[in-house]
Amino acid sequence: QVQVVESGGGLVQAGGSLRLSCTASGQTFSRYTMGWFRQVPGKERDFVAAFSWSAGYTYYASSVKGRFTISRDNAKNTVYLQMNSLKPEDTAVYYCAVSQRVVTSTPSDFGSWGQGTQVTVSS
């Protein structure tokens with residue numbers, strides 16, 4: 001019963017930046033984790049980054065550490081994913097999801113998902 005909407009994808013040259021946003025409604029944000037995942041055709045869905053509202057803790061996949069940063073706007077109930085120094089291998093559909101677990105990076109722990117936004121990085 002949680003509605004999740006993400007946006008901000010597009011086409012960018014390698015080395016460039018994009019900022020994704022995710023807004024969730026119908027929940028109490030103080031006890032939820034909001035995470036980002038990405039997926040390409042024929043591949044498994046991979047964890048990217050997440051923020052635990054309960055713990056106030058941000059964590060990232062090793063492949064994006066130092067390049068991607070999560071921030072949030074409490075007034076808007078929105079989490080942002082700032083993606084810098086983008087590489088062609090970052091190309092994927094990016095999904096925002098909500099979990100009732102305090103800290104997790106497991107897709108099965110996330111019960112509500114957005115529709116996805118395409119990120120394409122050209123070389």
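**Salt bridges, a disulfide and a hairpin in a predicted model**

The side chains of Asp-90 and Arg-38 meet in a salt bridge, with N to O at 2.9 Å; the term stands for a side-chain nitrogen of Lys or Arg within 4 Å of a carboxyl oxygen of Asp or Glu. Asp-90 sits in the loop between strand 8 and strand 9, while Arg-38 belongs to strand 4 (residues 33-39), so this pair ties together parts that are 52 residues apart in sequence. Strands here are DSSP runs (E, at least two residues), numbered from the N terminus. This is a predicted model, in which local features need pLDDT of at least 70 and side-chain atom pairs count only at pLDDT 80 or more, while totals for chains, interfaces and linings use all residues. Residues are numbered from 1 along each chain as its sequence is written, and side-chain values use heavy atoms, with hydrogens and water left out.

A search of the whole structure gives three salt bridges. Asp-90 also meets Arg-67 through their side chains, at 2.7 Å from N to O. Arg-67 lies in the loop between strand 6 and strand 7, so its pairing with Asp-90 ties together parts that are 23 residues apart in sequence. Arg-38, Arg-67 and Asp-90 are thus linked in a network of salt bridges. As a helpful background point, side chains of opposite charge can pair when their charged atoms come close.

Are the members of this network buried or exposed? Asp-90 and Arg-38 are both buried, and Arg-67 is buried too, with a relative accessible area of 10%. Buried means under 20% relative accessible area, exposed over 50%, and partly exposed in between (1.4 Å probe, protein chains only). For Asp-90 the value is 1%. Leaving aside residues up to four places away in sequence, Asp-90 touches Arg-38, Arg-67, Phe-68, Ser-85, Val-119 and Val-121, where contact means heavy atoms within 4.5 Å.

One of these contacts, Ser-85, lies in the loop between strand 8 and strand 9 and is partly exposed at 42% relative accessibility. The phi of Ser-85 is near 50 degrees, a positive value in a residue other than glycine. Asn-77, in the loop between strand 7 (68-73) and strand 8, also has a positive phi near 50 degrees. Most residues other than glycine have a negative phi.

The remaining salt bridge joins Asp-109 to Arg-101, with the closest N and O atoms 3.4 Å apart. Asp-109 is partly exposed at 24% relative accessibility, and Arg-101 is partly exposed at 46%.

What joins Cys-22 to Cys-96? The link is a disulfide, with 1.9 Å from S to S, and the whole structure holds one such pair. The term is used for a pair of cysteine sulfur atoms within 2.5 Å. Cys-22 lies in strand 3 (residues 18-25) and Cys-96 in strand 9 (residues 92-99), so the disulfide ties together parts that are 74 residues apart in sequence. The torsion about the S-S bond is about -80 degrees, so the disulfide is left-handed. Cys-22 is buried at 0% relative accessible area, and Cys-96 is buried at 1%.

Finally, strand 5 (residues 46-52) and strand 6 (residues 57-60) pair in the antiparallel sense over four bridges; pairing requires that DSSP finds at least two bridges between two strands. Ala-49 has Tyr-60 of strand 6 as its bridge partner. The two strands form a hairpin with four residues between them, and Gly-56 in the turn has a positive phi of about 60 degrees.
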